[in-house]
Amino acid sequence: ETSYKEQEKSEALEKELNELKAAHHELEEKYADAERKLQNDDMEDRIEDLESANEELQSRADDLEAKSDESNRKIKMLEDDLGRAEAKTEEFETKAKELEIELTNVNNTLKKKKVPTATLR
């Protein structure tokens, strides 16, 4: 009978050990699931952070592109203004040379006629 009781006790202990092993295995699976979830949550947070940073950088890039376009437009206007100013300068220089030539011719004519320049004033 002691042997039978020992066997029952042994079987009960073995059953309890199997139940503990099953519970331990279940806890390990839950731990692994929780760990995977944390890693996924961390990855999702990281992805959200990266997406947010990307949106901010895209916004900055758009702003810089708009400023660049505006600067290029202003440069084009200034280049056009410069071109017109250079053309006017050339025109005025040509006119000044023509007037110098005309003045020289008038002076030469007056010298030929021997008219004193003081009487012209």
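# Charge pairs along one helix

Me: Lysine 37 and aspartate 41 both sit in helix H1, 4 residues apart, about one turn of the helix. What makes lysine 37 and aspartate 41 a salt bridge?

Reply: The closest N and O atoms of lysine 37 and aspartate 41 are 3.2 Å apart. A salt bridge requires a side-chain nitrogen of Lys or Arg within 4 Å of a carboxyl oxygen of Asp or Glu, so this pair counts. The model is predicted: local features need pLDDT of at least 70, side-chain atom pairs count only at pLDDT 80 or more, and totals for chains, interfaces and linings use all residues. Residues are numbered from 1 along each chain as its sequence is written, and side-chain values use heavy atoms, with hydrogens and water left out.

Me: How many salt bridges does that rule give?

Reply: The count is 7. Among them is aspartate 33 with arginine 36, at 2.2 Å between the closest N and O atoms. Aspartate 33 and arginine 36 are 3 residues apart in helix H1, about one turn. Another is glutamate 70 with arginine 73, at 2.5 Å; these two are also 3 residues apart in helix H1, about one helical turn. Side chains of opposite charge can pair when their charged atoms come close.

Me: Why is aspartate 41 called neither buried nor exposed?

Reply: Buried means under 20% relative accessible area and exposed over 50%, with partly exposed in between (1.4 Å probe, protein chains only). Aspartate 41 has 27%, so it is partly exposed. Aspartate 33 at 42% and arginine 36 at 45% are also partly exposed, as are glutamate 70 at 32% and arginine 73 at 42%.

Me: What makes glutamate 55 buried or exposed?

Reply: Its relative accessibility is 58%, so glutamate 55 counts as exposed. Glutamate 55 belongs to helix H1, residues 2–113.

Me: Which residues gather with Glu55 in a patch of negative charge?

Reply: Asp42, Glu44, Asp45, Glu48, Asp49 and Glu51 join Glu55 on the surface. A patch takes residues with over 30% relative accessible area and no salt bridge; like charges are joined within 9 Å, nonpolar side chains (Val, Leu, Ile, Met, Phe, Trp, Tyr) within 5 Å. At 58%, glutamate 55 passes the area condition.

Me: How many positive and negative side chains are there?

Reply: The chain has 22 positive and 36 negative side chains, with the centres of the two sets 21 Å apart. Lys and Arg count as positive, Asp and Glu as negative; His and the chain ends are left out.

Me: How do you know that the chain is no compact globule?

Reply: The chain has 1 helix and 0 strands, where helices are DSSP runs (H or I) of at least four residues and strands (E) of at least two. The radius of gyration is 50 Å, well over the 14 Å that the globule rule gives for 121 residues, so the chain is more spread out than a compact globule. That radius is taken over C-alpha atoms, and the rule is 2.2 Å times the number of residues to the power 0.38. The C-alpha trace spans about 165 × 20 × 15 Å along its principal axes, and 1% of the 121 residues count as buried.

Technical notes. The place of a charge is taken as NZ of Lys, CZ of Arg, CG of Asp or CD of Glu. Accessible areas come from the Shrake-Rupley method with a 1.4 Å probe; for residues, only the protein chains shown count as cover.
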